[in-house]
Amino acid sequence: MNKTLIVSYTPRNGSYTKKVLGEFIEQVKEKTEITELDLLDSPPDLLSAAHIALTMKWNAGQREFTPQESVILERNHGMANQLLKADYLVLASPVYNFSLPAMVKAWIDAIIVSNKTFSFNPQEGFKGLCGDKKALVLLTGGFDYENGSSGAKQFASALLTENFKFMGMETTQISAFGLNENWDKANAIVEQAKQEVRALANKWY
Ligand SMILES: Cc1cc2nc3c(=O)[nH]c(=O)nc-3n(C[C@H](O)[C@H](O)[C@H](O)COP(=O)(O)O)c2cc1C
């Protein structure tokens, strides 16, 4: 059976993001083996000086580490390994402050690991190692980015799409935007996103 990794960050009680994600899970649960990573339960480590020092050694090809160093590296490398086992990746998150919530960005920083999710050599340059996977981004936001009067922009979509592309993954995005700006239509916006989720689930599995 194919495998799906679902990564979510939905801290708000009554989360719209969780509702859209719930529809996805409902649609696919019989068709794929699901692993869920709730970033609230298992937050990635931020890239401290100790982390970066070890990452530099890892990138330079070192593979022998002390048990203490291995513990530090493994917390984030474990998340990259989790992605490597999946055929499909689903990331569900709200937009915060026109970008990704820090917890989600920390997960991105954790999974972009040399010789796991990407490689580099001077001849070939950078190469994504996740080209066998498909990614779905489920994003929600308070602003209406298409028809709203504020002219606001959000960078969460571009940030995710670019990082997934770097790892070789093609990304589909389903968004429920305008949930706060058009608060009286919030349920309809969520329903529209759920409909798109159903269509994608049928296409993918
Ligand atoms: C800390 C914080 C920052 C937010 N910043 C933005 C933002 O920049 N753009 C936006 O469209 N919505 C923003 N929102 C609104 C949420 O994205 C929106 O309400 C979304 O539906 C929340 O997802 P949830 O229902 O899963 O909690 C913000 C909400 C919070 C709590």
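Which residues in α2 meet which residues in α3? Let's work through that and two more exercises together.

This is a predicted model, where local features need pLDDT of at least 70, side-chain atom pairs count only at pLDDT 80 or more, and totals for chains, interfaces and linings use all residues. Residues are numbered from 1 along each chain as its sequence is written, and side-chain values use heavy atoms, leaving out hydrogens and water.

**Exercise 1. Describe how α2 and α3 meet.**

Step 1: Find the helices, which are DSSP runs of H or I with at least four residues (strands are E runs of at least two), numbered from the N terminus. Helix α2 covers residues 49–59 and helix α3 covers residues 67–84.

Step 2: List the contacts, meaning heavy atoms within 4.5 Å. From α2 come His-51, Leu-54, Thr-55, Lys-57 and Trp-58; from α3 come Glu-69, Ile-72, Leu-73, Asn-76 and His-77.

Step 3: Sort them by class (Ala, Val, Leu, Ile, Met, Phe, Trp, Tyr, Cys and Pro are nonpolar; Asp, Glu, Lys and Arg are charged; the others, Gly among them, are polar). The α2 contact with α3 has 4 nonpolar, 4 polar and 2 charged residues.

Step 4: Check the axes, lines fitted to C-alpha atoms (for helices over the stretch in contact), with angles from 0 to 180 degrees between N-to-C directions. The axes of α2 and α3 come within 10 Å and cross at roughly 85°. That makes α2 roughly perpendicular to α3 (under 35 degrees is roughly parallel, over 145 roughly antiparallel, 65 to 115 roughly perpendicular, the rest oblique).

**Exercise 2. Lay out the sheet and the helices on it.**

Step 1: Strands pair if DSSP finds at least two bridges between them. Here 5 strands form an open sheet, ordered β2-β1-β3-β6-β7, with parallel pairing.

Step 2: Look at the edges. β2 (33–38) and β7 (170–176) each have a single partner strand, so one side of each lacks a neighbour in the sheet. From one strand to the next, the twist averages 15°.

Step 3: Zoom in on β1 (residues 3–8) and β3 (residues 88–94), joined by 5 bridges. Ser-8 has Ala-92 in β3 as its bridge partner.

Step 4: Add the helices. Helix α4 (residues 102–111) touches β1, β2 and β3, its direction making about 150° with that of β3. Helix α5 (residues 156–166) touches β3, β6 (134–140) and β7, at about 165° to the direction of β6.

**Exercise 3. Compare the directions of α1 and α6.**

Step 1: The axes of α1 (residues 16–28) and α6 (residues 186–204) come within 9 Å and cross at roughly 30°.

Step 2: The two helices α1 and α6 are therefore roughly parallel.
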